[in-house]
Amino acid sequence: MENWSYIIWILIIPFLSFLFAALPGTKLKSSVSGLVGIASILSVAILSYITAYSYFFVSGKTDGVFQKIIAFNYVWVRFSEILQIDIGGLLDPISVMMLVVISTISLMVHIYSWSYMHGETGFARYYAFLSLFTFSMLGLVLATNIFQMYIFWELVGVSSFLLIGFYYEKPSAIAASKKAFIVTRFADFGFLLGILLLAYYTNTFDFITLTDTNGALITSPVAATFMGASVLTWAMGLIFIGGAGKSAMFPLHIWLPDAMEGPTPVSALIHAATMVVAGVYLVARMFPVYLMVAPDALEIVAYTGGFTALFAAVIACTQHDIKRILAFSTMSQIGYMMLALGVSGYGGEKGLGYMASMFHLFTHAMFKALLFLGAGSVIHAVHSNLIGDMGNLKKYMPITHITFLIACLAIAGIPPFAGFFSKDEILVAAFEHDKLLFSIAFFVAGLTAFYMFRLYFRVFWGKKQAYHHAPHESPLIMILPLILLAAASCLTGFIPFGKFVSSDGKELLVHTHWNIALPAIGFALTGIFTAMAFYRKETNASKDITNALGAVYKWAYKKFYLDEVYLFVTKNIIFNGISKSIAWFDKNIIDASMDGMALVTNYFSDKIKGAQSGSVQQYTWWYMVGSIGIAVFVLYFLMIR
Amino acid sequence: MDILSLLVIIPILTIIGIVFCQTQKQTRIIAAIGMSIQLLQSLYVVWAYLKERSLGNTAEMVFTRDYTWFETWNIHYAIGIDGISAAMIALTGVVIFTGIFASWNVKDLSKEFFISLILLSMGVFGFFISLDLFTMFLFYEIAVIPMYLLIGIWGSGKKEYSAMKLTLMLMGGSALLLVGLLGIYFHSAPGGGPLTFNILEISKIDIPVNVQLFLFPFTFIGFGVLGALFPFHTWSPDGHASAPTAVSMLHAGVLMKLGGYGCLRIATFLLPDAATELSTIFIFMTGTSVIYGALGAIMQTDLKYINAYSSVSHCGLVLFAVLMLNKTAFNGAVLQMLSHGLMTALFFALIGMIYGRTHTRDVYKMGGLMKILPFLSVCYVIAGLASLGLPGLSGFVAEMTIFVGAFQNESLFHRIFTILAISSIVVTAVYILRVVGLLLLGPVKNKEYLSLKDAEWHEKLTGVVLIIAIAIIGMAPLWLSDMIMDSLEPIMQKLTSIK
């Protein structure tokens, strides 16, 4: 057995780096905090690669099956004799894979930001938050139990909040950060209820116990039902709400497009490659439980994923902000991952969807981070987010252009780029499970190619802009991560992913299903060529179509008015309706009745205070009245007797 | 020398010291020295308690002392602590220590101010160490009375009204409480013999159930008023709004905790049958407090009102957890008292510091303070994050313990209210982020504020000490929750014995 206890340093190093950059406040020289941040994440990345190597190639397997290994474990708080929260590190194929993804993308972003954020006033703060995020995200994937995951889940939420609101003097950034936090908080409310319900029936938070496929523990309480579904279905459904919130699944997706207010490298790291896939990771982590006791909930996962994939892709076709287009494409791709998990079975060939989902998560992280960093490079050059302000940039920014093209081809699913392989597996898995979901996935593949190349052609080809300052290629320190990620986008598709990650830890051999792949490629190419026809040169064709679609286009452009609905509910119903009336009720009913009691007391004391006037005549008069009264009373009683 | 009585003696000595001071500077230095010693002493008490336990002392209360005080009625000065009171003592030590530094610049009648403040804290310390109901009640009154003077003289706004309202409502609570306590006293010797006020002795006997049913509402509501139980919470917004900074800190930080502590240690421990039978109606009241306070806070514009309503919500959660009648929930209730005490003290301290600079508490009149007052703003954000339950800060541990505990109660009614209470985590996030957005972020609204100075050393000290305490509970809660959990054993035995 190998000693894995060093894994704890993967958490400690970024946390120390956070404290180092955060505690001195503004006193620290910004370059120092940046260098410390980069150095710490570099060491984390090296540790992660070592871990991945020794886990996958040396000692992770026993009898041909990848084991779940507890690298370290500490009791954090005890709730009762049975329930407690541990903080630990769980190594299994997906957590090790996530370690590699997170540390790689985080490293790229740390390096890239050095130049991108150069000269910003909050440079040290920026690196502090990045370290905090990296720490939380690594803690999330290493979680040994669902409550630890929830803890770090909240922490990534707050780091995301802090980074979206990085430009804290900008009202739109504040609003976006608030929205992101509250929407995901709302989802976490479901998540927490799910955890509590699950723990109530199983008496454990522990992943290994929960997901033990041989255990009778999890299947025993199925009998308890609530409103027609077993309580565990409810629990798993509620947990999925948490995942859906973080992963921006419909209808909890509204925060993600607005989250693009944050600095672009942050969008690449948090809102494209790592944090937003936490929901997928959660479902994958709990996958055996879903499959064994809550297949209905799993069906919901599949359809939510499928619908979101379609919904987001449609909106992406209509947007004009480069980052928002990418945000919607992220939603759409995460929808794919959810869909793949939802259609998957367990073990062997049946577990194809599971493996495909993780594979897509992996490749998507690479090319989507590349897209965002490329977009950042473009924004850096033209100082605008709107694709209307861009055009013909291939002339000015050759390297950004080529790397962006590679990423577009990868996401469109053109071989031999990475996205092709993972998307193909998803399509195959969907095809075997459910034809409706397959057709959605297939259609979205074409749509993806269309909107990505719409973006590509409008930014790098299209009309010749009269730029005030001629845009120029970004500095080397920003280009380097682009090149590395482009290489990853070209090569990662060839990883025999099923050898490492599969639903049951056994090796799963996968091969390209050309009968599905070929039509998919054809459809994607159609999308690309349509986009090329419309946008390679400046034509009116796109405007004509927009006008022809009229209301439908406007609907999609306005994101189907969901934001307005949410705004109405929060502002008019909760704030002005409930909260204001409670404030009124408290002041005018409850408090007023307390004041009323005081008034009544005052009134009576005012009335009876005359009794102590000090006037002897008055006292004598009342004395007489009283004596006569009593006399009459007594006499009356005596007469009765 | 017994180390618990020192907790009462040190404040008295400090007060005597202050009486001989000539200037404001001397006064505050003496107060600071006295309360620093008090802080060290209260931390030492916790340490000594843990050491005593690790040496194998399993007595229900440790460091007990008993002096007869008034023989006819069998009133004793009986003291002793367990893990719960030790934790509360440490909390009080931290809050009074930081409270002194938060009122560093009180100029008017500073001598009288510090005397009242320290007297108040002495009452609180005395309350937590008492094992005798009568002495406990006495200390409780000692803590409440100076409040009237502190708000009425050094307050702001409608201070006379608020002081009167707060005192009358709390006194009303005391009246109910007195009925409850005397009722318990007169039933403390069912088999004849001398009546007793001693909690430990009363807990050994069983008060008849019909008597309990009569006494429980008096006791619970009596303490509950202090813990801002709906609908007896309206003293809190007005009282806090008018109170000077340190008084708000002490009041929300520790005085409201007397309510929760009393509900647990007296109402539930001594009247367990009634607690079980009547829990439904009180769950309704406290559950309403939680969600009502949170929703009420959303649209407030005065910083102190926001915090007062948030306290109603958080303290409601304490009482709510007590009524869940299981060990985990009790543990959560105590943790929540600690957590709320620290973070609300931090909040009120910061609000006082901000008010001292901008002379307004209206959130719409300020904005962009992050740029002008970075230290105070960052502290405010941390307090806010603690309040909305960010892991790593104290609020999370406390709330989660309560929720896990409350969820163990399988009655449907309890479950529904538990879910309602859990939904407050969303509402809390809404009002906290609203304040942070309006107050700290965004462009600077009022150009006059650009010349404001950030925190001075004593303000930094206040903020840092409280944040460290919050972070300690938040990051390493195990020792604390184990310490509390051990001490809950007698209460649990009493509860299970009746079932």
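Exposed, as the word is used here, means a relative accessible area over 50%. By that cut-off A:L635 is exposed, because its relative accessibility is 52%. The structure under discussion is a predicted model, and A:L635 offers a friendly way into it.

A:L635 is placed in helix 24 of chain A, which covers residues 616-640. Together with A:I630, A:F633, A:V634, A:Y636, A:F637, A:L638 and A:I640, A:L635 makes a nonpolar patch of about 890 Å² on the surface. A second surface patch is of another kind: A:K395, A:K464, A:R536 and A:K537 gather there, and the charge is positive. Of these residues, A:R536 sits in the loop that runs between helix 20 (514-535) and helix 21 (541-549) of chain A. A:R536 counts as partly exposed, because its relative accessibility is 30%.

From the surface, the description turns to covered parts of chain A. Helix 10, made of residues 264-273, is mostly covered, with 10 of its 10 residues buried. The buried residues run from A:T264, A:P265, A:V266, A:S267 and A:A268 through A:L269, A:I270, A:H271, A:A272 and A:A273. Their cover includes several other helices of chain A, namely helix 3 (93-116), helix 4 (123-142), helix 5 (146-164), helix 9, helix 14 (322-343) and helix 15.

Helix 5 of chain A, one of the elements covering helix 10, also holds A:V158. A:V158 is classed as buried because its relative accessible area is 1%, where the cut-off for buried is under 20%. Setting aside neighbours within four places in sequence, A:V158 is in contact with A:F181 of its own chain and with B:L385 and B:L390 of chain B. A further distance can be given for this residue: A:V158 and A:A187 stand 29 residues apart along the chain, and their C-alpha atoms are separated by 14 Å.

Contacts with chain B also appear at A:D591, in helix 23 (residues 562-608) of chain A. With a relative accessible area of 10%, A:D591 is therefore buried. Once neighbours within four places in sequence are left out, the contacts of A:D591 are A:D586 in chain A and B:Y161, B:K165, B:T234 and B:D238 in chain B.

The backbone geometry holds several features to note. A cis peptide bond links A:F250 to A:P251, with omega at about 0°. A:P251 belongs to the loop between helix 8 (231-246) and helix 9 (255-258) of chain A. Another cis bond runs from A:P415 to A:P416, and here omega is near 5°. A:P416 is likewise found in a loop, between helix 16 (398-412) and helix 17 (418-433) of chain A.

Positive phi values in residues other than glycine complete the backbone picture. For A:H383, phi is near 55°. This histidine lies in the loop between helix 15 (352-382) and helix 16 of chain A, and A:H383 counts as exposed because its relative accessibility is 67%. In chain B, phi of B:F63 is also near 55°, again positive in a residue other than glycine. B:F63 is placed in strand 1 of chain B, residues 62-70.

How values were computed: Residues are numbered from 1 along each chain as its sequence is written. Chains are lettered from A and ligands numbered from 1 in the order in which they are written. This is a predicted model: local features need pLDDT of at least 70, side-chain atom pairs count only at pLDDT 80 or more; totals for chains, interfaces and linings use all residues. Side-chain values use heavy atoms; hydrogens and water are left out. Patches are made of residues with over 30% relative accessible area and no salt bridge: like charges are joined within 9 Å, nonpolar side chains (Val, Leu, Ile, Met, Phe, Trp, Tyr) within 5 Å. Accessible areas come from the Shrake-Rupley method with a 1.4 Å probe; for residues, only the protein chains shown count as cover. A salt bridge is a side-chain nitrogen of Lys or Arg within 4 Å of a carboxyl oxygen of Asp or Glu. Lys and Arg count as positive and Asp and Glu as negative; His and the chain ends are not counted. The place of a charge is taken as NZ of Lys, CZ of Arg, CG of Asp or CD of Glu. Helices (H or I, at least four residues) and strands (E, at least two) are DSSP runs, numbered from the N terminus. Buried means under 20% relative accessible area, exposed over 50%, partly exposed in between (1.4 Å probe, protein chains only). Contact means heavy atoms within 4.5 Å.
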